[in-house]
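Subject: Structure handover

Dear colleague,

Please find the structure below. My notes on it follow.

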Amino acid sequence: MLDTFKRDPECDDFKSVHDPGAVISEIHFTKRELELLVLIMEGSSNEEIAQMLMISTGTVKRYIHNIYQKLEVKNRVQAVKKIKENHLIRRCLL
């Protein structure tokens, strides 16, 4: 069962629900992947994500493909469900 993600040391905007220093699973999200995950969870389309992050829709699709592989899912619905069920990410309180 996934309890946390391996935190990218450059990522200050996100942390695990559990101990941010703990590495229980082998999932490692980059800062950009975490940005996309949050936007996906908010219901943003690939086009909206591309505009917000100023990248091409092809790049968005590549990031999403990598995220799906890491989560071992096949679509957005499965990705969001797995993230929520396993409490993989939450925004840090600043």
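Of the 94 residues of the protein chain, 40% count as buried. Please keep in mind that this is a predicted model. Its secondary structure comes to four helices and two strands, and along the sequence these follow the pattern β-α-α-α-α-β. Among contacts between residues at least 6 apart in sequence, 48% join residues at least 24 apart.

Helix packing

Two packed helices are described by the angle between their axes and the distance between the axes. I have two such pairs to report, and helix α1 takes part in each of them.

The axes of α1 and α3 come within 10 Å and cross at roughly 90°. An angle from 65 to 115 degrees counts as roughly perpendicular, and α1 and α3 are therefore roughly perpendicular to each other. On the α1 side, the contact is made by Arg 32, Glu 33, Leu 36, Leu 37 and Ile 40. On the α3 side, the residues are Val 60, Tyr 63, Ile 64, Asn 66, Ile 67, Lys 70 and Leu 71.

The axes of α1 and α4 also come within 10 Å, with a crossing angle of roughly 105°. This pair, too, is therefore roughly perpendicular. Here α1 contributes Leu 37, Ile 40 and Met 41, while α4 contributes Arg 76, Val 80, Ile 83 and Lys 84. Leu 37 and Ile 40 thus appear in the contact with α3 and in the contact with α4.

Charged side chains

Side chains of opposite charge can pair when their charged atoms come close. The count comes to three salt bridges.

One of them joins Glu 33 and Lys 70, at 2.7 Å from N to O. Glu 33 lies in helix α1 (residues 31-41) and Lys 70 in helix α3 (residues 57-71), so the pair ties together parts that are 37 residues apart in sequence. Glu 33 is buried, with a relative accessible area of 4%, whereas Lys 70 is partly exposed at 30%. Both residues are also listed in the contact between α1 and α3.

Another salt bridge is between the side chains of Glu 35 and Arg 32, at 3.0 Å from N to O. Both residues lie in α1, three residues apart, which is about one turn of the helix. Glu 35 is partly exposed, with a relative accessible area of 23%, and Arg 32 is partly exposed as well, at 27%.

In the salt bridge of Glu 85 with Lys 81, the closest N and O atoms are 3.8 Å apart. These two residues are four residues apart in helix α4 (residues 76-85), so about one helical turn separates them. Glu 85 counts as partly exposed, at 48% relative accessibility.

Aromatic rings

How many aromatic pairs are there? The count comes to zero. There is, however, a charge over a ring: the charged end of Arg 62 sits over the ring of Tyr 63, 5.4 Å from its centre. Tyr 63 is also among the α3 residues in contact with α1.

A loop residue

Is Ile 27 buried or exposed? At 6% relative accessibility, Ile 27 counts as buried, because buried means under 20%. Ile 27 is placed in the loop between β1 (14-15) and α1. Its C-alpha atom is separated by 9.6 Å from that of Leu 88, which is 61 residues away along the chain.

Regards

Terms used. Residues are numbered from 1 along each chain as its sequence is written. This is a predicted model: local features need pLDDT of at least 70, side-chain atom pairs count only at pLDDT 80 or more; totals for chains, interfaces and linings use all residues. Side-chain values use heavy atoms; hydrogens and water are left out. Rings of Phe, Tyr and Trp (its six-membered ring) pair if their centres lie within 6.5 Å; planes under 30 degrees apart count as stacked, over 60 as edge-to-face and the rest as tilted. A charge sits over a ring if NZ of Lys or CZ of Arg is within 6 Å of the ring centre and within 35 degrees of the ring normal. A salt bridge is a side-chain nitrogen of Lys or Arg within 4 Å of a carboxyl oxygen of Asp or Glu. Buried means under 20% relative accessible area, exposed over 50%, partly exposed in between (1.4 Å probe, protein chains only). Axes are lines fitted to C-alpha atoms, for helices over the stretch in contact, and angles run from 0 to 180 degrees between N-to-C directions. Angles under 35 degrees count as roughly parallel, over 145 as roughly antiparallel, 65 to 115 as roughly perpendicular and the rest as oblique. Contact means heavy atoms within 4.5 Å.
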